[in-house]
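Colleague: Please take a close look at a single part of this model and describe its surroundings for a student in the first year. A connected account would be welcome.

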Amino acid sequence: MKRNKIIDILSAETTGSRITVMGWVRTRRESKGGFSFIEMNDGSCLSNLQVIVDDKLENYETEVRNLQTGCSIRVIGTLVASPAKGQSIELQAEEIEVYGWADPDTYPLQKKRHSFEFLRTIAHLRPRTNTFGAVARVRNAMAFAIHTFFQKRGFIYVHTPIITGSDCEGAGEMFRVTAFDLENVPKKNGETDFEKDFFNQPAGLTVSGQLEAEIYALSMGDVYTFGPTFRAENSNTSRHLAEFWMVEPEMAFCDLEGNIDLAEAFLKYLFDDLLKNCEEDLAFFNRFIDSSLLETLKTLISEKYERLDYTEAIKILSKSKQKFEFPVHWGCDLQSEHERYLTEKVFNKPVVLTDYPREIKPFYMKVNEDGKTVRAMDLLVPKIGEIIGGSQREDDHDMLLERLKETNLPPEDYWWYLELRKFGSAPHAGFGLGFERLIQFVTGLSNIRDVMPFPRTPGNVSF
Ligand code: ATP
Ligand code: MN
C-alpha cells in the first residue's frame, strides 16, 4: 500500500499533485453546497489534512455521510489551494475507501476534551489525541537525539542486562525474577531454596545499568546505556514510575567537573534539537499545557547552570523564610520541596548540587578528602526537581571495601566491582538521566504517567 504522509504533504507537496492518504477521521462536517469537509490525521504530525468530498462521489450517500470521528479511511485525490485560514492546501477527494468504522455511540474519543485521568484508562486509544500523539513524537525525537549526541562524541552504546543477580543499591526496590511455580516454592530449612530456581540464585530486574556500564567504561573509555529500568518503590508520585527508561553515560578518565560539564552540554543539546525538530508539537504544548515552555527551553540553552555544593545549599535553605514540610539540617536528604525551592525561587535556573554527605549517598560514590562528603552531583530543574543524578565513582580499592561494609553490603557479591579497582583502576564518572522526567520537562506535562505510553505504577499494569 503506497501512501503519502501528511507531514510530507504539508511541508513539500504543491497543488496539482495526485496523492494517497491513509489515516483516521478527526471530524467531518457537511456543507450546504453539497459536499463534506473531513479533517484527517495519520500520526505523522500534529496537523490534520483537510479533505473536500463532493457529493457526486459514488459512495457519498452510502458511506461518506456516515463517516464519524475515529473511522479509518484511504483518500485518493488532488491537492488544491485552500481558501480556508491556517492552511495553504487541501485535498480534493476522487476516491474514498473506508477501512474501519467507529460507532459514535461507543467510540470514547469524541470532540470534547477529555481529562488526562480518563485518557489513562484508554491507553489503546489515547495516542489518537493531539496531546498523546505529540508526546509520542517528542519521545521519538529525544531518543534519537540522545543517541546522536553520544555517537557524535565517540561514546560506545553498551547493552547492559535487564535481568540481574546483583542488587546494586536499591535493596527493597528490586522486582524479583523467578521461574518458580509460586504455589509450590522449593524450601530448604524453611527458607526459599533459590538454588533450585532458574538461575540457581535470586535474580531481579535491573534498577540501573551503572555498575555494568562501569565495566565497559574501564575498557572502552566513553560508553552509555539507554534502556528500561525497574523500581518497586511504592511511591505514588507524579514523577515516579515502576518501569522507566534511563540514559547512563559513564566515562573513564573523567572527574566530577567533567561529569557536570557533560550533563549540562547534554541537556542543552537536547533542548536545542527539540526546538529545531519538534517546532509544531512544542508550540502545541506551549499553547495548551505550559505557556512558559518555549521561553524556558530557549533560556536554558544559553545560560550557565548554577553549581553549588550541598553544604552551601543547606545554608541557603536554613536561612530562607520558606516553611518546609521536612526541616533542613546538614546531613538530611533533600526532598523535592527543597530541590524545587533552590531551582525555582533562589536561582531560577537549573542547579547542580554536589558533594553530599557520604551517609545519604550510595557506596560507589568517591569519598572526598574531608572524609565526610562524596563527589555526587544532582541536577535539579524547575517544576520537577531532580532530573539527573550522578557522581565520580570511588576508584580506590580499600575505600570502596570500607564503604561496602559501612553500608552493610556483602563485599563477596561485589568481587568483580572491587577487582576493577585492583587491575588498572582509573578515575571515572557518570550519571543517570530519567528519560520520562526529561519528557515531562520538555512538554510541561505535570504527571509522569502522561509521558509514558504504558505507565506502570503501584496497582497498574494492565495498560
Ligand atoms: P528520586 O530521589 O527522585 O527518587 P533517585 O535518587 O532515586 O531519584 P537515581 O537513582 O539517581 O534517582 O536515578 C537517576 C535518575 O533516574 C533520576 O535523576 C531520575 O531522573 C530518574 N528516576 C529515578 N527513579 C525514577 C522513577 N521511579 N521513575 C522515573 N524516573 C526515575
Ligand atoms: Mn528514587
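**A buried aspartate and the contact between two domains**

Modeller: In this predicted model, Asp 281 has a relative accessible area of 5%, and it is therefore classed as buried, since that class covers values under 20%. Asp 281 belongs to helix α6, which runs over residues 279-288.

Its surroundings may be described next. When neighbours within four places in sequence are set aside, Asp 281 is in contact with Leu 46, Ala 134, Arg 137 and Val 138. By contrast, Met 174 stands 107 residues from Asp 281 along the chain, and the C-alpha atoms of these two residues are separated by 36 Å.

One of the contacts of Asp 281, Leu 46, leads to the arrangement of the domains. The protein is divided into domain 1, residues 6-100, and domain 2, residues 126-450. Leu 46 thus falls within the range of domain 1, while Asp 281 falls within the range of domain 2. Between the C-alpha centres of the two domains the distance is 46 Å. Each side brings 8 residues to the contact: 8 from domain 1 and 8 from domain 2.

The extent of an interface can be expressed as an area. In general, the accessible area lost when the parts come together is often given as the size of an interface. Here domain 1 and domain 2 bury about 670 Å² between them, and 41% of this area is on carbon and sulfur atoms. On the side of domain 1, Trp 24, Arg 26 and Leu 46 supply 71% of the area buried against domain 2, more than any other three residues. Leu 46, already named as a contact of Asp 281, is thus one of these three.

The polar side of the interface remains to be described. Between domain 1 and domain 2 there are 5 residue pairs in polar contact, both residues being at pLDDT 80 or more. The number of salt bridges between the two domains is 0. The residues of domain 1 that touch domain 2 comprise 3 nonpolar, 4 polar and 1 charged.

A second acidic residue may be set beside the aspartate. Glu 394 also counts as buried, because its relative accessibility is 1%. Glu 394 lies in the loop between β17 (385-392) and α10 (397-406). A polar atom of the side chain of Glu 394 lies 3.2 Å from the backbone nitrogen of Asp 396. Beyond residues up to four places away in sequence, Glu 394 touches several others, including Tyr 364, Lys 366, Met 399 and Arg 421.

Methods. Residues numbered from 1 in each chain as written. Chains lettered and ligands numbered in written order. Predicted model: local features only at pLDDT ≥ 70, side-chain atom pairs only at ≥ 80, totals over all residues. Heavy atoms only, no water. Helix = DSSP H or I, 4+ residues; strand = E, 2+ residues; numbered from the N terminus. Buried < 20%, exposed > 50% of the residue type's maximum accessible area, 1.4 Å probe, protein only. Contact = heavy atoms within 4.5 Å. Domains from an automatic or database assignment. Buried area = accessible area lost by both parts, 1.4 Å probe. Salt bridge = Lys/Arg side-chain N within 4 Å of Asp/Glu carboxyl O. Polar contact = N/O pair within 3.5 Å; in protein donor to acceptor, adjacent residues only side chain to side chain. Nonpolar A, V, L, I, M, F, W, Y, C, P; charged D, E, K, R; others polar.
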